[in-house]
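Me: I would like to learn how to read a structure feature by feature, beginning with contacts between side chains. Could you take me through this one?

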Amino acid sequence: MQLTEKQKSEGWRIVKFGDVAQEVKGSTKDPLGEGIERYIGLEHIDPESLKLARYGLIAEDNPTFTKKFSAGDILFGRRRAYLKKAAVADFDGICSGDIIVIAPKEKALLPDLLPFIVQSEPFFDWAVKHSAGGLSPRTKFKSLAEFEFPLPSRPRQEEMLQSLKLIDSALKNCDEALTAAGLLKTVLISDKKSSHYINGQLSDLMRIKSGFAFKSKQFTKDGMPILRISNIGVNRSVDLNDAVYYQPQSNLDRYLVSKGDVMIAMSGATTGKSGRLEEGTAYLNQRVGMVEVKNDASLSYLYHLLGTQSVIRELLVDAVGGAQPNVSPRNIERSSATYAPINEQEKIASNLDEIQDIERTIQAKIQDLVKLKSKYIQESNNIEEAA
């Protein structure tokens, strides 16, 4: 790695991460006695987010963790570094041994800039490259300390920090908007406090139609796409871009699904995941169920109802199996649900569709902001590898 001539003239220098940061190794065997009430595990840190959105309570969960951290420390996930988990603590607590606690060391670096260096792509790439282990690789601070990067001059640091804080402020606003949208959807879909909402079962409104057991050896490169569990996306849409194909046959017409149909996964790690086909026609594969409405219920309303955490939890109560649970159509249909009267469902569904469109716009904006932050750090450093 080498500095550009411009960087040299502006007083930049190449440093190692260990020159500007240190590992905090404090511990406690009696956190409650020291007034520490909260703890952090890897599950509490969101990928590519510097903010801790949640935490655990020591008095309730009684964790075995002993590692201490303080407000302002950086919590870096050392296990599976490719997950890009690093956040800044805003309270004192204890954390998992799979988290490295990092604090600023040298005054030459603005303390508030350190978290952005930790969250940069080159730093994560270094952490992944210098991790060891099979299924669950881990890195050490000793390895992270050897990471080299150009340290900007103080004025440049202040300029970078101001810009990065503006990006983070925009990300925070997006997160708050998503939270508000989610709360509004919950109230509209299944308002348990409303006296005219109905406590019943999904079978009051729908039945589940199972797919066909297509043989993988008969898959083709063209023909009719087969809708499998993997085609149901995390954003609750169904994408056929990566579908496999099967030569159309008239005796399989009853397994056809088309635009607007709602599907639900009935096996695997994503059991209960549901989505709506937004374009095209496909064959329905086994272990994917299609929703058929009953009693004039709104299919669009059911799509949103199946996405609520309360319905998913109820559905999984009857799931069998461990890491790869399974549910039957009957399991799904008899799941408890609180739902709006049928004559109100279509209007509610229309509002929910509008909110979902807003959510997807915000999620796309978040992705753009994350990319912008990474790109800005890269371009500001203007890293050049030595020949």
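Reply: Let us begin with a pair of charged residues in this predicted model: Asp46 and Arg54 form a salt bridge in which the closest N and O atoms are 2.6 Å apart. Asp46 is partly exposed, at 23% relative accessibility, and Arg54 is likewise classed as partly exposed, with a relative accessible area of 33%.

Me: What is the general idea behind such a pair, and how many salt bridges does the count come to?

Reply: Side chains of opposite charge can pair when their charged atoms come close. Here the count comes to 16 salt bridges. One of them joins Glu34 to Lys68, at 3.1 Å from N to O; because Glu34 lies in the loop between β2 (21-23) and β3 while Lys68 belongs to strand β5 (residues 67-69), this pair ties together parts that are 34 residues apart in sequence. Glu34 is partly exposed, with a relative accessible area of 46%, and Lys68 is partly exposed at 26%.

Me: Which residue forms a salt bridge with Arg276, and is Arg276 buried or exposed?

Reply: The partner of Arg276 is Asp353, with the closest N and O atoms 3.0 Å apart. The pair links distant parts of the chain, since Arg276 sits in strand β18 (residues 274-277) and Asp353 in helix α11, 77 residues apart. Arg276 counts as buried because its relative accessibility, 15%, is under the 20% limit, whereas Asp353, at 23%, is partly exposed.

Me: Which residues does Gln356 touch, leaving aside those up to four places away in sequence?

Reply: With that exclusion, Gln356 touches Arg236, Arg276, Tyr303 and His304. Gln356 is found in helix α11 (residues 342-381) and is buried, with a relative accessible area of 5%.

Me: Turning to aromatic rings, how many aromatic pairs does the structure hold, and why is the pair of Phe76 and Phe124 called stacked?

Reply: The structure holds 14 aromatic pairs. The ring centres of Phe76 and Phe124 are 5.8 Å apart and their planes meet at 25°, so the pair is stacked, the criterion being planes under 30 degrees apart. Phe76 lies in strand β6 (residues 74-77) and Phe124 in helix α5 (residues 121-129), so the pair ties together parts that are 48 residues apart in sequence. Phe76 is buried, with a relative accessible area of 0%, and Phe124 is buried at 2%. Both belong to a cluster, linked by ring pairs, that also includes Phe17, Phe123, Trp126, Phe141, Phe147 and Phe149.

Me: Over which rings does the charged end of Arg38 sit?

Reply: The charged end of Arg38 sits over the ring of Tyr55, 4.9 Å from its centre, and also over the ring of Phe91, at 4.0 Å from the centre. Tyr55 lies in the loop between β3 (38-40) and β4 (56-57) and is partly exposed, at 40% relative accessibility. Not counting residues up to four places away in sequence, Tyr55 touches Arg38, Tyr39, Ile40, His44 and Phe91.

Me: Finally, which residues make the nonpolar surface patch of about 260 Å²?

Reply: That patch is made by Tyr82, Leu83 and Val128. Leu83, found in the loop between β6 and β7 (86-88), is partly exposed, with a relative accessible area of 36%. For the protein overall, the accessible surface comes to about 19,900 Å², of which 49% belongs to carbon and sulfur atoms, and 46% of the 387 residues count as buried.

Technical notes: Residues numbered from 1 in each chain as written. Predicted model: local features only at pLDDT ≥ 70, side-chain atom pairs only at ≥ 80, totals over all residues. Heavy atoms only, no water. Phe/Tyr/Trp six-rings, centres within 6.5 Å; stacked < 30°, edge-to-face > 60°. Helix = DSSP H or I, 4+ residues; strand = E, 2+ residues; numbered from the N terminus. Buried < 20%, exposed > 50% of the residue type's maximum accessible area, 1.4 Å probe, protein only. Lys NZ or Arg CZ within 6 Å of the ring centre and 35° of its normal. Contact = heavy atoms within 4.5 Å. Patch = residues over 30% accessible without salt bridge, like charges linked within 9 Å, V, L, I, M, F, W, Y side chains within 5 Å. Areas by Shrake-Rupley, 256 points an atom, 1.4 Å probe, with all protein chains shown as cover. Salt bridge = Lys/Arg side-chain N within 4 Å of Asp/Glu carboxyl O.
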